[in-house]
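Here are some notes from going through the model you sent over. Have the structure open beside you as you read.

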Amino acid sequence: AGLQGKRILVAGGGGSIGSELCHQLARLRPEQLILYEQSEFNLYSTTLELRREHPTLELVPVLGDVCDESAVDNALSSYRPQVVFHAAAYKHVPLLQVQARETVKNNVLGTALVAEAADRLLAIEGGRVGGRAVVPVPGQGSVAKARGRLGRPKSAAGPRNLRRDAVVQEHEMAIGLLRRLAEPEGEPARGHRAGPDPGRRR
């Protein structure tokens, strides 16, 4: 149940949010933690930190870009993660507003490539963890809407839409999602009461 004993890949595992996710995931004792990261320095630094804090954890650093379909496919097919966390998104809004092309390429197309690669892997493996192939960091769900807009003429995402699509919530929200996913199956998340029993008379 939960994430213990699973093979987990974090796309963007060396970023500010992705590295924090990796530290939280390491405490859950996964079978293997794969860090997929574009920045060589961030990948190196985060891997060193994790190895120092969790010397028995099997760590796999993978240098790669989420926009490189072949690299993403190779990482997933080589290590066959059971859960994929996608945290490889740009989030510094003032900078991104004047970098529309790179923002859309990374946040929209990169997200789509990771999700589609994970779906292909699951189709081969024939199994799911918690019913989800890719677990997006909170705030990234709207990139799917942006991707849909890109397919329609005269409706490409503009600066205002990019403001909404590029923003990623900070560590607290990501950790909250992680904790909910770590709950054993069949148990309600802490802090949430179970809904009313449909068979109970009022």
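The points below go through the cores, the cysteines, two arginines, the cavities and a glycine.

1. Before anything else, keep in mind that this is a predicted model. Everything below is computed from its coordinates, so to speak of the model is all these notes do.

2. Start with the inside. The largest nonpolar core is made up of 17 residues. If you want to find the middle of it, look for Ile 8, Val 10, Leu 25, Leu 33, Leu 35, Leu 50 and Phe 85, the ones with the most contacts inside this core. Two or more residues each come from β1 (7-11), α1 (16-26), β2 (32-37), α2 (40-53) and β4 (83-86). Helix α1 gives the largest share, 5 residues. As a general matter, nonpolar side chains in soluble globular proteins tend to be buried together.

3. Leu 35 is a good residue to click on. Leaving aside residues up to four places away in sequence, Leu 35 touches Val 10, Gly 13, Cys 22, Leu 43, Thr 46, Thr 47, Leu 50, Leu 59, Val 60, Pro 61 and Val 62. Apart from the largest core there is another one, of 16 residues. Its members include Leu 9, Val 60, Val 84 and Ala 117.

4. How many disulfides are there? The count is 0. As for individual cysteines, Cys 22 is buried, at 0% relative accessibility. Cys 67 is partly exposed, and its relative accessible area is 24%.

5. Two arginines deserve a look at their backbone. Arg 29 has a phi near 60°, which is positive although the residue is not a glycine. You will find Arg 29 in the loop between α1 and β2. Is Arg 29 buried or exposed? It counts as exposed because its relative accessible area is 54%, and the cut-off for exposed is over 50%.

6. The other one is Arg 80, with a positive phi near 45°, again in a residue other than glycine. Arg 80 sits in the loop between α3 (69-79) and β4. Its relative accessibility is 31%, so Arg 80 counts as partly exposed.

7. On to empty space: there are 2 cavities of 30 Å³ or more. The largest cavity has a volume of about 40 Å³. Which residues line the largest cavity? The lining consists of Leu 9, Ala 11, Tyr 36, Val 72, Ala 75, Leu 76 and Val 114. Both β1 and α3 supply at least two residues of that lining, and α3 gives the most, with 3 residues. By class, the lining has 7 nonpolar residues, with no polar and no charged ones. Leu 9 turns up twice in these notes, as a lining residue of the largest cavity and as a member of the 16-residue core.

8. Last, have a look at Gly 110, in helix α5 (residues 100-125). Gly 110 is buried, because its relative accessible area is 0% and buried means under 20%. What does Gly 110 touch? Not counting residues up to four places away in sequence, the contacts of Gly 110 are Val 66, Cys 67, His 86 and Lys 105. So here is Cys 67 again, the partly exposed cysteine at 24%. Gly 110 and Asp 65 are 45 residues apart in sequence, and their C-alpha atoms are 8.2 Å apart in space.

Conventions. Residues numbered from 1 in each chain as written. Predicted model: local features only at pLDDT ≥ 70, side-chain atom pairs only at ≥ 80, totals over all residues. Heavy atoms only, no water. Core = buried A, V, L, I, M, F, W, Y, C linked by side-chain atoms within 4.5 Å. Buried < 20%, exposed > 50% of the residue type's maximum accessible area, 1.4 Å probe, protein only. Helix = DSSP H or I, 4+ residues; strand = E, 2+ residues; numbered from the N terminus. Contact = heavy atoms within 4.5 Å. Disulfide = S-S within 2.5 Å. 1 Å grid on protein atoms, 1.4 Å probe; cavity = no way out; pocket = protein on both sides within 12 Å on 5 of 7 lines; lining within 4 Å. Points joined across faces, edges and corners; volume = space filled by probe spheres on them. Nonpolar A, V, L, I, M, F, W, Y, C, P; charged D, E, K, R; others polar.
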